[in-house]
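Reader: I have a chain open in my viewer. Show me how to read it, feature by feature.

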Amino acid sequence: MDYVCKEMIAFEHIHSIGRDAIMVRQGVIIQKNYIWKTGERYCLREILDKQVYTEAGISLGILADVMFDRASGEIKGYQLSDGILSDIIFGRLTMPLPPVQAINEDRMIVPQSMAKLLHFPTEFE
């Protein structure tokens with residue numbers, strides 16, 4: 001069994017999360033973490049930069065960021081990149097969290113219906 005995410009900050013210790021930093025409630029609270037690769041739980045660094053495809057093999061982009069609810073820590077969606085030039089000109093696409101997804105070493109596969117739900121983020125997201 002593979003261990004991943006050797007260190008972590010528990011969500012309850014996070015005071016706020018900004019674009020470039022995470023503010024914690026007290027001192028140093030990095031702790032050891034042992035999460036097994038079960039197909040259900042992944043570290044953020046394991047899913048970032050993966051190519052995202054639909055079940056039909058259509059490329060939706062590269063998983064560039066994860067959006068989550070600041071109050072609960074629940075993942076709400078993904079931001080997908082179509083390359084740096086496209087990101088600068090058009091911005092990144094946002095995709096709500098898929099009901100199911102398959103993740104392997106180099107790609108994430110999501111239901112075909114997710115292609116229709118891609119959109120550019122609004123100022124309220």
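Reader: Which residues make up the largest nonpolar core?

Author: First, the ground rules. This is a predicted model: local features need pLDDT of at least 70, side-chain atom pairs count only at pLDDT 80 or more, and totals for chains, interfaces and linings use all residues. Residues are numbered from 1 along each chain as its sequence is written, and side-chain values use heavy atoms, with hydrogens and water left out.

Author: Now the general idea. A nonpolar core is a set of buried Ala, Val, Leu, Ile, Met, Phe, Trp, Tyr and Cys residues joined through side-chain atoms within 4.5 Å. Buried means under 20% relative accessible area, exposed over 50%, and partly exposed in between, with a 1.4 Å probe and protein chains only. Here the largest core has twelve residues: Ile47, Val52, Leu60, Leu63, Val66, Tyr78, Leu80, Met95, Ile103, Met108, Val110 and Met114.

Reader: Which strands each supply at least two residues of this core?

Author: Strands are DSSP runs of E, at least two residues long; helices are runs of H or I, at least four long; both are numbered from the N terminus. The suppliers are β8 (59-68), β9 (75-81) and β12 (107-110). The largest share, three residues, comes from β8.

Reader: What does Met95 touch, and is Met95 buried or exposed?

Author: Contact means heavy atoms within 4.5 Å. Met95 sits in strand β10. Met95 is buried, at 0% relative accessible area. Leaving out residues up to four places away in sequence, Met95 touches Val52, Leu60, Met67, Gly77, Tyr78, Leu80, Val110, Met114 and Leu118. The C-alpha atoms of Met95 and Gln79 are 6.3 Å apart, with their positions 16 residues apart along the chain.

Reader: And what does Val52 touch?

Author: With the same sequence exclusion, the list is Ile58, Ser59, Leu60, Gly61, Leu63, Leu80, Met95, Met108 and Val110.

Reader: Next, the sheet. In what order do the strands lie?

Author: Two strands pair if DSSP finds at least two bridges between them. Here six strands form an open sheet with mixed pairing, in the order β10-β9-β8-β7-β12-β11. β10 (93-96) and β11 (102-103) stand at the edges with a single partner strand each, so one side of each has no neighbour in the sheet.

Reader: How many bridges join β7 and β8?

Author: Three, in the antiparallel sense, with β7 covering residues 51-54. Use the residue pairs to fix the register. Val52 stands opposite Gly61 in β8. Gln51 has Ile62 of β8 as its bridge partner. The hairpin has four residues between the strands, and Gly57 takes a positive phi near 90 degrees there.

Reader: How many bridges join β8 and β9?

Author: Six, again antiparallel. Asp65 is matched with Gln79 in β9. This hairpin has six residues between the strands, and Gly73 takes a positive phi near 85 degrees.

Reader: Now charges. How many salt bridges does a search of the whole structure find?

Author: A salt bridge is a side-chain nitrogen of Lys or Arg within 4 Å of a carboxyl oxygen of Asp or Glu. The search finds two. One joins Arg92 and Asp87 at 3.3 Å, N to O. Arg92 is partly exposed at 32%, whereas Asp87 is buried at 17%. Another joins Asp106 and Arg107, with the closest N and O atoms 3.7 Å apart. Asp106 is partly exposed at 46%, and Arg107 is partly exposed at 32%.

Reader: Which residues make the nonpolar surface patch?

Author: Patches are made of residues with over 30% relative accessible area and no salt bridge; like charges are joined within 9 Å, and nonpolar side chains (Val, Leu, Ile, Met, Phe, Trp, Tyr) within 5 Å. Accessible areas come from the Shrake-Rupley method with a 1.4 Å probe; for residues, only the protein chains shown count as cover. Ile84, Leu85, Ile88, Ile89, Phe90 and Phe120 make a patch of about 730 Å². Ile88 belongs to helix α2 (residues 84-90). Ile88 counts as exposed, at 66% relative accessibility.

Reader: Last, the whole chain. How many helices and strands are there?

Author: Two helices and twelve strands. Of the 125 residues, 26% count as buried. The accessible surface is about 9,000 Å², of which 54% belongs to carbon and sulfur atoms.
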